[in-house]
Amino acid sequence: MTHYYYHQVSGLLVAEAACEPSDIVVSQLRTGRLVQGQAEYVVSVTNQCVCAQSNVVLRCDGLNSVEAVDPKIIRPLDGHDCIVNDGGAIAPRATVSFNYAWKSPADYSFVNSQPTCD
């Protein structure tokens with residue numbers, strides 16, 4: 001769903017498309033470390049929108065890891081989805097990252113977010 005933000009131009013209220021689902025970019029790389037014999041990965045969640053985005057939800061299928069993962073960075077909401085940054089805003093052009101270790105890379109994909117445009 002396209003989100004809009006409103007601003008004034010020459011006294012008129014103008015709506016502009018603010019954030020698209022593609023503005024939350026999730027990337028994952030293997031770090032090269034092993035934790036308890038499992039490969040470690042770093043996941044970066046970047047907000048490429050001009051607006052802050054809060055309540056960023058990713059598909060995470062349970063967030064499996066033999067390495068402790070900070071629940072303020074990402075935590076399960078249910079058996080399939082996780083919330084990022086404890087639901088707080090990710091600033092425009094900012095990145096939130098976390099590491100996990102598991103037998104294979106997980107599929108973290110964007111589900112939803114709430115843009116906040118000033």
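Gln36 is exposed, with 64% of relative accessible area. In this predicted model, the residue occupies the loop that connects β3 (24-35) with β4 (38-47). Although Gln36 is not a glycine, its phi is positive, at about 50 degrees. A second non-glycine residue with a positive phi is Asn85, for which the angle is near 60 degrees. Asn85 belongs to the loop between β7 (81-84) and β8 (95-102). Its relative accessibility of 22% places Asn85 in the partly exposed class, because burial requires a value under 20%.

The overall architecture consists of strands, nine in number, with zero helices. Read from the N terminus, the order of elements is accordingly β-β-β-β-β-β-β-β-β. Of the 118 residues in the protein, 34% are buried. The accessible surface amounts to about 6700 Å², and carbon and sulfur atoms contribute 50% of that area. When contacts between residues at least 6 apart in sequence are considered, 61% of them link residues that are at least 24 apart.

Four of the strands are arranged as an open sheet in the order β6-β7-β5-β9, with antiparallel pairing. Its edges are formed by β6 (74-76) and β9 (109-116), each of which pairs on one side only. On average, neighbouring strands of this sheet are turned by 25 degrees against each other, direction ignored. The antiparallel strands β6 and β7 are joined by three bridges, and one bridge partnership there is that of Arg75 with Ile83 in β7. Three bridges also connect β7 to β5, again in an antiparallel arrangement. The pairing of β5 with β9 is likewise antiparallel and extends over six bridges.

Strand β5 comprises residues 52-59, and six of these eight residues are buried, so the strand is largely enclosed by the rest of the structure. Within β5, Arg59 has a counterpart in each of two strands. Arg59 stands opposite Asp81 in β7, and Arg59 also stands opposite Ser109 in β9.

A search of the whole structure identified four aromatic pairs. In one of them, the ring centres of Tyr41 and Tyr100 lie 5.3 Å apart and the ring planes meet at 25 degrees, so this pair is stacked. Tyr41 is part of strand β4 and Tyr100 is part of strand β8, so the pair ties together parts of the protein that are 59 residues apart in sequence. Both Tyr41 and Tyr100 are buried. Tyr100 also pairs with Tyr108: the ring centres are 5.5 Å apart and the planes stand at 65 degrees, so the geometry here is edge-to-face. Tyr108, like Tyr100, is buried. Together with Phe98, the residues Tyr41, Tyr100 and Tyr108 form one aromatic cluster.

Strand β4 also contains Ser44, a residue that is buried, with a relative accessible area of 16%. The side chain of Ser44 makes a polar contact of 3.1 Å with the side chain of Ser97. With residues up to four places away in sequence left aside, Ser44 touches Val25, Val26 and Ser27, as well as Thr95, Val96 and Ser97.

A further buried position is found in a loop. Asp23 lies between β2 (12-17) and β3, and its relative accessibility of 15% counts as buried. A polar atom of the Asp23 side chain lies 2.8 Å from the backbone nitrogen of Glu20. Asp23 is also brought together with a residue farther along the chain: its C-alpha atom is separated by 5.8 Å from that of Asn47, although the two residues are 24 apart in sequence.

Definitions and conventions:
Residues are numbered from 1 along each chain as its sequence is written. This is a predicted model: local features need pLDDT of at least 70, side-chain atom pairs count only at pLDDT 80 or more; totals for chains, interfaces and linings use all residues. Side-chain values use heavy atoms; hydrogens and water are left out. Buried means under 20% relative accessible area, exposed over 50%, partly exposed in between (1.4 Å probe, protein chains only). Two strands pair if DSSP finds at least two bridges between them. Axes are lines fitted to C-alpha atoms, for helices over the stretch in contact, and angles run from 0 to 180 degrees between N-to-C directions. A polar contact is a pair of N or O atoms within 3.5 Å; within protein, one must be able to donate a hydrogen and the other to accept it, and residues adjacent in sequence count only if both atoms are side-chain atoms. Contact means heavy atoms within 4.5 Å. Accessible areas come from the Shrake-Rupley method with a 1.4 Å probe; for residues, only the protein chains shown count as cover. Rings of Phe, Tyr and Trp (its six-membered ring) pair if their centres lie within 6.5 Å; planes under 30 degrees apart count as stacked, over 60 as edge-to-face and the rest as tilted.
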